[in-house]
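Colleague: I'm new to this and would love a close look at one part of this model, namely its charged side-chain pairs. Please take me through them slowly, and then through whatever else helps me find my way around.

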Amino acid sequence: MTNQDLHTKDKENYLPTFNRFPLAFIKGKGSRLWDADGKEYIDLLAGIAVNNVGHCHPKVVKAIQGQAAELMHISNFFVSPQQVALSELLVKISGLDRVFLTNSGAESVEGAIKIARRYAHKHGQGGKIISMHNSFHGRTLATIATGQEKYQQGFEPIPTGFAQVPFNDLLAVEAAMDQDTAAVIVEPIQGEGGVVPAEKAYLQGLRKLCDDKGILLIFDEIQCGIGRTGKWFAKDHFGVQPDIMTLAKGLGGGAPIGALLCTEKVASAIEFGDHGTTFGGNPLVAASAIATIEVISEEQLCTRAMETSEWLRGKLDELIAKHDELDSVRGMGLMLGIKMKSEAKPLVLRLLEEGIVANATAGNILRLVPALNISREELNVFLQKLDAILSETKIPA
């Protein structure tokens, strides 16, 4: 079937929640994708920061195939060797003490909110959660209550017990804190908000504020974690350890798995039956996550992401100096946003025509979150295409 055939059938049956491009990708390898019509693309989106080791990495594929032939699911009533091994790995690379495995980023944040409230209630505090303007923590009712207002419209009544303050504004957070506050949740780098890093002094100040007032600090590293920024976690750039951290996206190498990690102090508030999941961390997805972490470690992809980022930012700075349409570049590692002086979506469409998969976020930001092992040759193709498109008289709207 062609791209158009599949796009038409998709619109007939699927809930119209996505305004999809009329493309159906049917094969991927590394940082390359092929659509149903046979056209080849260079992927700079990686499933929105999911395919951190590229599409169909041989070690990840082998792990999934081997596990699928042995055991895919049992339920969390029983011990899973794969879940034991993955939890041990996550504790080792994070420095946190306890792990709970989930199916998605939103579920990880929901779990973090529940655990933070349980901890607060056991210590005589209320359950208010403070989040930041322009944040994004998921699409469930509780997670949209922490996020941008545009995602809340039409879904009222929005759950109560949430407050929002400006990002990178420590005084605003302090002013919002009271006896009812259970936790502060923040993305070390706002992804959907426009690839905006937190300031180091801000995160360090949040840590001190929370410590002084007995409030938990939650880092949402769903998009910026698992090597994306050139370190295992963005927190490692700032020297700040949260009480709770949420993960998903890049954790499974493409398999749907998330996690929340916490300190022993937080974990001590949880009792049997307080939380649960049917599919979370089952043997199949846990095996994929183990293989993904091993690939990042064995192939030194954190270091490679840092080196590639430094090189790429230099090349982008050259294009910014050349083209008035580009303003600046920001982010960390291979989580980069190119700020434009106009809407970014027309550029995304032109790049797609030229065989480059990227993404527009926050209106005027071209977001680049490629696989950590993408080659400079592939990125050079992107840079050449971007230069050529920007050299056109006008990007079609």
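Modeller: Sure, with the key term up front: a salt bridge is a side-chain nitrogen of Lys or Arg within 4 Å of a carboxyl oxygen of Asp or Glu. What you see is a predicted model, where local features need pLDDT of at least 70, side-chain atom pairs count only at pLDDT 80 or more, and totals for chains, interfaces and linings use all residues. Residues are numbered from 1 along each chain as its sequence is written, and side-chain values use heavy atoms, with hydrogens and water left out.

Searching the whole structure turns up 20 salt bridges. Let's zoom in on Asp-211 and Arg-207, whose side chains meet in one of them at 2.9 Å, N to O. Both residues belong to helix α8, residues 200-213, and because they are four residues apart there, about one helical turn separates them. (Helices here are DSSP runs of H or I, at least four residues long, strands are runs of E, at least two long, and both are numbered from the N terminus.) The two partners don't see the outside equally: Arg-207 is buried, with a relative accessible area of 13%, while Asp-211 is partly exposed at 47%. Buried means under 20% relative accessible area, exposed means over 50%, and partly exposed is in between, with a 1.4 Å probe and protein chains only.

Now slide along to Lys-265 and Asp-243, another salt bridge, with 3.6 Å from N to O. Lys-265 sits in helix α10 (residues 264-267) and Asp-243 in the loop between α9 (235-238) and β11 (244-247), so this pair ties together parts that lie 22 residues apart in sequence. Once again one partner is tucked away: Asp-243 is buried at 5% relative accessibility, whereas Lys-265, at 41%, is partly exposed.

Compare that with the pair formed by Glu-40 and Arg-32. Their side chains meet in a salt bridge at 2.7 Å, N to O. Here neither residue is buried: Glu-40 is partly exposed at 36% relative accessibility, and Arg-32 is partly exposed as well, with 25%.

Salt bridges can also join up, and this model has a nice case. Arg-350, Glu-353, Glu-354, Lys-385 and Glu-392 are linked in a network of them. While you are in that stretch of numbering, have a look at helix α14, which covers residues 376-390. Its 15 residues, at 1.5 Å a residue, should span 21 Å, and the C-alpha atoms at its ends are indeed 21 Å apart, so the two values agree. (The expected span is 1.5 Å times one less than the number of residues.) Several of its side chains are hidden too: Glu-378, Leu-379, Phe-382, Leu-383, Leu-386, Asp-387, Ile-389 and Leu-390 are buried in α14.

Charged pairs are one sort of link, so here is another sort for contrast. Ser-131 is in strand β5, residues 128-132, and at 0% relative accessibility it counts as buried. The side chain of Ser-131 reaches the backbone oxygen of Thr-146 at 2.6 Å. Thr-102, in strand β4, is also buried, at 0%. If you'd like a ruler for the model, use Thr-102 and Asp-236: they are 134 residues apart along the chain, and their C-alpha atoms are separated by 23 Å.

Finally, a few backbone oddities to hunt for. Glu-156 and Pro-157 are joined by a cis peptide bond, with omega at about 5°; Pro-157 is in the loop between α6 (141-145) and β6 (162-165). Then there is Ala-49, which isn't glycine but still has a positive phi, near 65°. Ala-49 is in helix α2, residues 46-49, and is buried, with a relative accessible area of 1%. Lys-249 does something similar: its phi is near 35°, again a positive value in a residue other than glycine. You'll find Lys-249 in the loop between β11 and β12, where Lys-249 is partly exposed at 23%. And since β11 (244-247) is also one of the elements that flank the loop of Asp-243, you can hop from Lys-249 back to the salt bridge between Asp-243 and Lys-265.

Key: Polar contact = N/O pair within 3.5 Å; in protein donor to acceptor, adjacent residues only side chain to side chain.
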